[in-house]
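Biologist: I am new to this structure and would be grateful for a close look at a single part of it. Please choose one helix, describe its surroundings, and place it within the chain.

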Amino acid sequence: MSDAKTVPVLTIDGPSGSGKGTISALVAERLGWHLLDSGALYRAVGYAAGAEGLDLSDAEAIARCAETTRIRFVAAGKGHPARVMVNGHDATDELRTETAGAAASAIAAIPAVRLALVQMQLGFRKAPGLVADGRDMGTVIFPEAAFKVFLTASAAERAKRRYKQLKDKGLAVTLGNLLREIEARDERDASRAVAPLRAADDAITIDTTGLSIDTVVAKVFAIVRP
């Protein structure tokens with residue numbers, strides 16, 4: 001563990017739709033660092049719980065599920081996000097649905113679930129460095145990280161991005177419903193008792209509203225490599 005503590009970490013936190021997943025993957029690729037998509041861990045547990053027919057409000061059962069679920073990231077080639085294996089099944093596509101996102105948000109409020117996933121997340125810290133993407137990376141999981149970024153964007157902008165993503169996949173969605181879901185999730189994530197969504201005191205906040213992906217990547221990269 002002492003060796004791991006010397007490995008540099010860049011945390012990128014922010015609300016759903018702020019672009020942190022895309023930005024984190026691109027920055028990690030450019031730096032040649034490992035990537036932790038912490039949201040995928042919660043989505044994976046939510047997916048596993050659904051597969052077992054568990055009630056998401058049953059904190060004890062969900063915590064047990066978090067402890068026993070096997071989650072593995074498999075590289076999918078340059079420029080492509082890693083595939084996520086859950087209990088031996090490639091659940092990548094299922095984890096990107098709004099249902100999986102809502103389940104992740106719900107179970108993330110359970111203290112025992114967060115505790116079960118802490119060690120798993122810390123285990124991603126390996127040389128030469130780690131880009132950690134999530135909601136509490138800079139405040140809870142890696143509070144001592146040398147580099148911290150908090151990405152944000154207006155709810156309307158985030159809804160538009162999500163709308164385009166889902167329409168491109170051929171899914172029937174409405175912008176109004178997506179905006180309401182994002183606003184409800186923001187409220188839930190920011191008001192939960194355990195590790196609420198907020199920028200770390202020493203994080204640099206970047207509002208990505210109206211900015212291109214390349215512009216945001218450059219801003220984040222400049223923080224790590226001035």
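Modeller: The account below begins with the whole chain, turns to one helix and its partners, and ends with some details of the backbone.

The model is a predicted one. Its chain holds ten helices and eight strands. A compact globule of 226 residues would have a radius of gyration near 17 Å, and the chain, with 17 Å, therefore agrees with that expectation. Along the principal axes, the C-alpha atoms fill a box of roughly 50 × 45 × 35 Å. Of the 226 residues, 43% are buried. Among contacts with a separation of 6 or more, 72% join residues that lie 24 or more positions apart. The chain exposes about 11,100 Å², and carbon and sulfur atoms supply 56% of this area. As for charge, the mean positions of the 29 positive and the 27 negative charges are 4 Å apart.

The part chosen for the close look is helix H2, which covers residues 38–51. At 1.5 Å a residue, its 14 residues should span 20 Å; the C-alpha atoms at its ends are 20 Å apart, so the helix agrees with the expected span. H2 is mostly covered, with ten of its 14 residues buried. These buried residues are Ser-38, Ala-40, Leu-41, Tyr-42, Arg-43, Ala-44, Val-45, Gly-46, Ala-48 and Ala-49. Just after the helix, Gly-53 takes a positive phi of about 70 degrees.

H2 also contributes to the cover of another element, helix H5 (residues 98–107). In H5, the buried residues are Ala-100, Gly-101, Ala-103, Ala-104, Ser-105 and Ile-107. The cover over them includes H2 together with helix H3 (59–68), helix H4 (92–95), helix H6 (111–122) and H9.

A residue of H9 links several of these places. Arg-185 is found in helix H9. Its relative accessibility is 10%, and because buried means under 20%, Arg-185 counts as buried. Apart from neighbours within four places in sequence, Arg-185 is in contact with Arg-43, which is one of the buried residues of H2. Arg-185 also touches Gly-101 and Ser-105, both buried residues of H5. Ser-16 and Arg-135 complete its list of contacts.

Elsewhere in H9 (residues 175–191) lies Leu-179. With 27% relative accessibility, Leu-179 counts as partly exposed. Beyond its neighbours within four places in sequence, Leu-179 is in contact with Ala-155, Ala-156 and Ala-159. Ala-155 is 24 residues from Leu-179 in sequence, yet their C-alpha atoms are 6.7 Å apart. The loop between strand E7 (147–152) and helix H8 (155–168) contains Ser-154, which at 32% relative accessibility counts as partly exposed. Ser-154 and Ile-62 are 92 residues apart in sequence, and 32 Å separate their C-alpha atoms.

Some backbone details remain. Most residues other than glycine have a negative phi, and most peptide bonds are trans. Asn-87, however, has a positive phi, near 50 degrees. Asn-87 is placed in the loop between strand E4 (83–86) and strand E5 (89–90), and its 33% relative accessibility makes it partly exposed. The peptide bond from Ala-127 to Pro-128 is cis, with omega near 5 degrees. Pro-128 belongs to the loop between H6 and strand E6 (130–134).

Note on methods
Residues numbered from 1 in each chain as written. Predicted model: local features only at pLDDT ≥ 70, side-chain atom pairs only at ≥ 80, totals over all residues. Heavy atoms only, no water. Helix = DSSP H or I, 4+ residues; strand = E, 2+ residues; numbered from the N terminus. Rg over C-alpha atoms; globule rule 2.2 N^0.38 Å. Buried < 20%, exposed > 50% of the residue type's maximum accessible area, 1.4 Å probe, protein only. Contact = heavy atoms within 4.5 Å. Areas by Shrake-Rupley, 256 points an atom, 1.4 Å probe, with all protein chains shown as cover. Lys, Arg positive; Asp, Glu negative; His and termini not counted. Charge placed at Lys NZ, Arg CZ, Asp CG, Glu CD. Expected span 1.5 Å × (residues − 1).
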